[in-house]
Amino acid sequence: MADNKRRLVVVGNGMIGMRTVEELLRRAPGRYAITVFGAEPHPNYNRILLSSVLAGEKTLDEIVSHPLAWYAERGVTLVKGDPVATIDPAARTVTSAAGRHAPYDRLILATGSKPLAPPLPGLNLPGVCTFRDIADLGTMTEGARKHKRAVVIGGGLLGLEAAWGLQRRGMAVSVIHLMRTLMERQLDEAAGLMLQRDLDRRGLAFFTNSQTEEIFGAERVEGVRLADGREIPADLVVLAIGVRPNIDLARQAGLEVNRGIAVDDAMRTSDENIAAVGECAEHRGQVFGLVAPLWRQAEACAAWLAGEPAGAYAPPALFTSLKITGVDVFSAGALAAADEADDEITLNDPRGGAYKKLVLRAGKLVGAVLYGDVADGPWYVELMREGRDVEPIRDRLMFGRAYAGVREAPSPEAGPGPHAEPYVEAA
């Protein structure tokens, strides 16, 4: 290591941690000697695309975003399969699970989130897993190779992608969802019911408004029992009910934590030498699981590390998209009117498979739910982000940019890949 280089340690080899490293190398190449610790025995990969690998649309090699050569060529030291176990802020050192010590001048916590697991009997049975990383993917693909029946607990975006991927691998899949409609955090009731109807026609079975009571089995999982006594046979059970920020290391280090690790506009924590980015970070009471705001966090953190003036971090308007075998859904902002002062404009064509709802507040667009025809979703997000007055085109707004006679402009920022805006349900 050159004497004039400062030491940067990154705890977490995931998408946002490595995006921060990329931004830093672009802004201040040679400023830091960088060491990255990753819990998984893999280089960085696009976690968003795990569902595409499960569905057989991509291979694992195709979703690796930073191959080992990338680290070597840039002088970044990667420690794979050895997570950081403790942080000593006074000594400015981290210690890994295998006992490796690394000093730092600056530290980035990119510890992500942990899957939620309800306190159910049977969680530790073989054949029960979450859907979070390559190891989980291996459990699911092996289960699909050897067995025929799967249950996915959770009817959010990740649960539906897991269910569809397993069905693509030949399994009969049932989805258990606590709420009455699917993806209730991203879709209103009408769109949620349309989604369930169309996925049901494609062979998925749904148990909505249902509480899981127990996962049962002798040597391995055999099924799931609901609170009303019904039993659903299963050789594989996937938990996809949400995530929570992984703040364990931050709490051990004495940093300020709430729901996530408290950060300022430069992503600095309560320790001036430590930053946090990604799903583990909490900015002004908010935690995020969508790509766009996390990309902005990486940029803000890299600017601070590079010694650039800190700008105010402002998360963009959030949107969610999902595409499963011809079913397209899109939502952004408010799902419904907040009160009588808000307006809702709705177009509903169940037979044609199209549904649109726009929510207006004081002459501005504040929400959109689209089902079927989602082409104008990015334009609606653009209108929301800019806070544009839409009253002059109110009567044409529902029919899209082209009909409204609005000139084309760049679409809003998105992350990589076809599932650029995954919604990760935080709790």
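Helices here are DSSP runs of at least four residues, numbered from the N terminus. That covers the labels I will use for this model, which is a predicted one.

My topic is salt bridges. The count for this structure comes to 30. I will go through three pairs and one network.

The first pair is glutamate 142 and lysine 146, with their closest N and O atoms 3.1 Å apart. Both residues sit in helix α5, which spans residues 134-146. They are four residues apart, about one turn of the helix. Glutamate 142 has 30% relative accessibility, so it counts as partly exposed. Lysine 146 counts as exposed, because its value is 54% and the cut-off for exposed is over 50%.

Next is aspartate 265 with arginine 284. The closest N and O atoms of this salt bridge are 2.9 Å apart. This pair links distant parts of the chain, 19 residues apart. Aspartate 265 is in the loop between β20 and β21, while arginine 284 is in the loop between β22 and α9. Arginine 284 is exposed, at 64% relative accessible area.

The third pair is aspartate 343 and arginine 394, which meet at 3.3 Å, N to O. What does this salt bridge tie together? Aspartate 343 lies in strand β25 and arginine 394 in the loop between α10 and α11, so the bridge joins parts that are 51 residues apart in sequence. Aspartate 343 is partly exposed at 31%, and arginine 394 is partly exposed at 29%.

Last, the network. Salt bridges link Glu23, Arg26, Arg27 and Glu308.

Terms used
Residues are numbered from 1 along each chain as its sequence is written. This is a predicted model: local features need pLDDT of at least 70, side-chain atom pairs count only at pLDDT 80 or more; totals for chains, interfaces and linings use all residues. Side-chain values use heavy atoms; hydrogens and water are left out. A salt bridge is a side-chain nitrogen of Lys or Arg within 4 Å of a carboxyl oxygen of Asp or Glu. Helices (H or I, at least four residues) and strands (E, at least two) are DSSP runs, numbered from the N terminus. Buried means under 20% relative accessible area, exposed over 50%, partly exposed in between (1.4 Å probe, protein chains only).
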